[in-house]
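Trainee: I am new to this protein and would love a close look at one part of it. Could you take me through one sheet and the nonpolar core around it?

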Amino acid sequence: MKTMRRFALVLLCTVGVAPSFSQWQNIGPDGSDVRCFAISGTNLFSGTFGYGLFLSTNYGTSWSPINTGLTDLYIRSLVVSGTNLFAGLNDGVFLSTNNGASWTIVSSGLSNPIVLSFAVYRADVFAGTRDGVFSSTNNGTSWIYTGLTNTYVRSLAIADTILFAGTNGGIFLSTNGGTTWAADNTGLTTSDVQSLVTSETNLFAGTAGGVFLSTNRGTNWAVVNTGLADKYVHSLAVSDKNLFAGTDGGVYLSTNSGTSWT
């Protein structure tokens with residue numbers, strides 16, 4: 001496994017800054033158990049647990065189902081890599097090259113078909129599974145195991161030279177492409193981490209206890225829940241200054257990237 005020196009997202013800020021918090025508003029899909037997001041241009045993809053995939057082209061004002069070719073409707077993870085959209089289901093990894101209009105399975109090399117999370121850098125796709133972290137350099141045609149002692153990897157994020165993994169045992173980081181890992185949990189009040197996402201200089205974690213923010217590459221975490229009615233956060237996504245949170249009660253929105261909340 002190659003190292004991760006090429007990763008270019010930078011997470012730098014000061015420790016101990018107490019932000020104020022913005023309000024959240026529910027934008028649907030109505031009644032759906034939202035587990036994951038992906039954003040490509042003006043397309044917002046929403047993966048639900050039992051209802052399949054939905055596409056919105058107007059930032060959540062309306063949604064359309066996009067499930068042709070999927071073998072089940074329990075969507076656990078989504079990621080965009082160039083013109084490719086990957087979805088992790090109970091039945092493995094599925095790939096769409098046409099914004100979800102059709103899907104094909106691409107799971108060769110995975111020891112467990114249930115893919116809980118993805119992260120992407122250039123042509124490299126990382127998959128978090130119940131058997132650890134895997135990587136693919138050929139758009140999912142084959143996958144290679146990279147490791148992690150805590151194998152239940154619910155979420156992945158990449159920042160600078162660091163690969164972050166959110167698990168049911170907290171957050172772990174690797175500075176060498178997954179060869180070795182270290183715990184990274186100071187300030188978290190729950191170890192049940194469902195999702196991770198970067199936004200400019202911030203790293204957000206969605207957990208069973210709400211949203212947490214780190215401004216120093218995960219060295220410290222602070223809770224950021226004011227106005228968030230449903231605090232079981234399955235998924236997070238960022239578009240410009242908008243931070244989306246997928247919960248048991250639908251999608252919530254913060255309009256300032258979480259850096260100043262009211």
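Mentor: Happily; we begin with the whole protein and then look at one sheet, its core and an aromatic pair.

This is a predicted model, in which local features need pLDDT of at least 70 and side-chain atom pairs count only at pLDDT 80 or more, while totals for chains, interfaces and linings use all residues. Residues are numbered from 1 along each chain as its sequence is written, and side-chain values use heavy atoms, with hydrogens and water left out.

The protein has 0 helices and 23 strands. Both are DSSP runs numbered from the N terminus: helices are H or I with at least four residues, strands are E with at least two. Of its 262 residues, 57% are buried, where buried means under 20% relative accessible area, exposed means over 50%, and partly exposed lies in between (1.4 Å probe, protein chains only). Take contacts between residues at least 6 apart in sequence: 48% of them join residues at least 24 apart. Here a contact means heavy atoms within 4.5 Å.

Now for the sheet. Four strands form an open sheet in the order β5-β6-β7-β8, with antiparallel pairing. β5 (75–81) and β8 (104–105) are at the edges with a single partner strand each, so one side of each has no neighbour in the sheet. Two strands count as paired if DSSP finds at least two bridges between them. Between β5 and strand β6 (residues 84–89) there are 6 bridges, and the two run antiparallel. If you want a spot to look at, find Ser77, which stands opposite Gly88 in β6.

These two strands also lead us to the core. The largest nonpolar core has 14 residues, and those with the most contacts inside it are Phe45, Leu53, Leu70, Ile75, Leu78 and Trp103. Such a core is a set of buried Ala, Val, Leu, Ile, Met, Phe, Trp, Tyr and Cys residues joined through side-chain atoms within 4.5 Å. Two or more residues each come from β1 (34–40), β3 (53–56), β5 and β6, and β6 gives the largest share, 3 residues. As background, nonpolar side chains tend to be buried together in soluble globular proteins.

Ile75 is a good residue to pause on. Leaving out residues up to four places away in sequence, Ile75 touches Arg35, Cys36, Gly47, Thr48, Phe49, Gly52, Leu53, Leu70, Gly88 and Leu89. Elsewhere, a second, separate core of 13 residues includes Ala159, Leu188, Val193 and Ala205.

Back in β6, let us turn to the aromatic rings. The structure holds 4 aromatic pairs. One of them joins Phe86 and Phe118, a tilted pair with 6.2 Å from centre to centre and 45° between the planes. Phe86 lies in strand β6 and Phe118 in strand β9 (residues 115–121), so this pair ties together parts that are 32 residues apart in sequence. The rule is that rings of Phe, Tyr and Trp (its six-membered ring) pair if their centres lie within 6.5 Å; planes under 30 degrees apart count as stacked, over 60 as edge-to-face and the rest as tilted. Both partners are shielded: Phe86 is buried, at 0% relative accessible area, and Phe118 is also buried, at 7%.
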